[in-house]
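Work through the exercises below with the sequence and the 3D structure at hand. Try each task before reading its solution.

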Amino acid sequence: MPTDYQPIDCNFYDVLEAAATRKQPVYLQYFNDLRQLCQESVAIKTFVTRDHVEYAQLASGEEVRLDRIIRLDDTPAPGFADYPDYRCGC
């Protein structure tokens, strides 16, 4: 089955994996399946692969495709380095 999934950079995967190991909430900015910008503070539980697509399972119950993650805390994902950080400083 063809997919438009783009495997992520190994170094960024290591950053995601380290966050999951700590089991503490992180600031996550990503695009959902409707290509809407989402941002939340949430813990990453684990990672799963289905149909050759990798997902992060969040403590909120959502799954996020790894190639749609824009930022984890202060670390932008490769390919999104120039994307603005819309985090509210409130």
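Two exercises follow, after a note on the model. This is a predicted model, in which local features need pLDDT of at least 70, side-chain atom pairs count only at pLDDT 80 or more, and totals for chains, interfaces and linings use all residues. Residues are numbered from 1 along each chain as its sequence is written, and side-chain values use heavy atoms, leaving out hydrogens and water.

**Exercise 1.** Describe the surroundings of strand β1 (residues 26-31).

Solution.
Step 1. Strands are DSSP runs of E with at least two residues, numbered from the N terminus.
Step 2. Buried means under 20% relative accessible area with a 1.4 Å probe, protein chains only. In β1, 6 of the 6 residues are buried, so the strand is largely enclosed by the rest of the structure.
Step 3. V26, L28 and Y30 point one way, while Y27, Q29 and F31 point the other way.
Step 4. Strands pair if DSSP finds at least two bridges between them. β1 pairs in the antiparallel sense with β2 (residues 37-42) over 6 bridges, and V26 has V42 as its bridge partner there.
Step 5. β1 also pairs in the antiparallel sense with β6 (residues 69-72), over 3 bridges; I69 is the bridge partner of Y30.

**Exercise 2.** Locate R68 and find what it touches.

Solution.
Step 1. R68 lies in the loop between β5 (63-65) and β6.
Step 2. Its relative accessibility is 12%, so R68 counts as buried.
Step 3. Contact means heavy atoms within 4.5 Å. Not counting residues up to four places away in sequence, R68 touches Q29, Y30, F31, N32, D33 and R35.

Notes. Buried < 20%, exposed > 50% of the residue type's maximum accessible area, 1.4 Å probe, protein only. Helix = DSSP H or I, 4+ residues; strand = E, 2+ residues; numbered from the N terminus.
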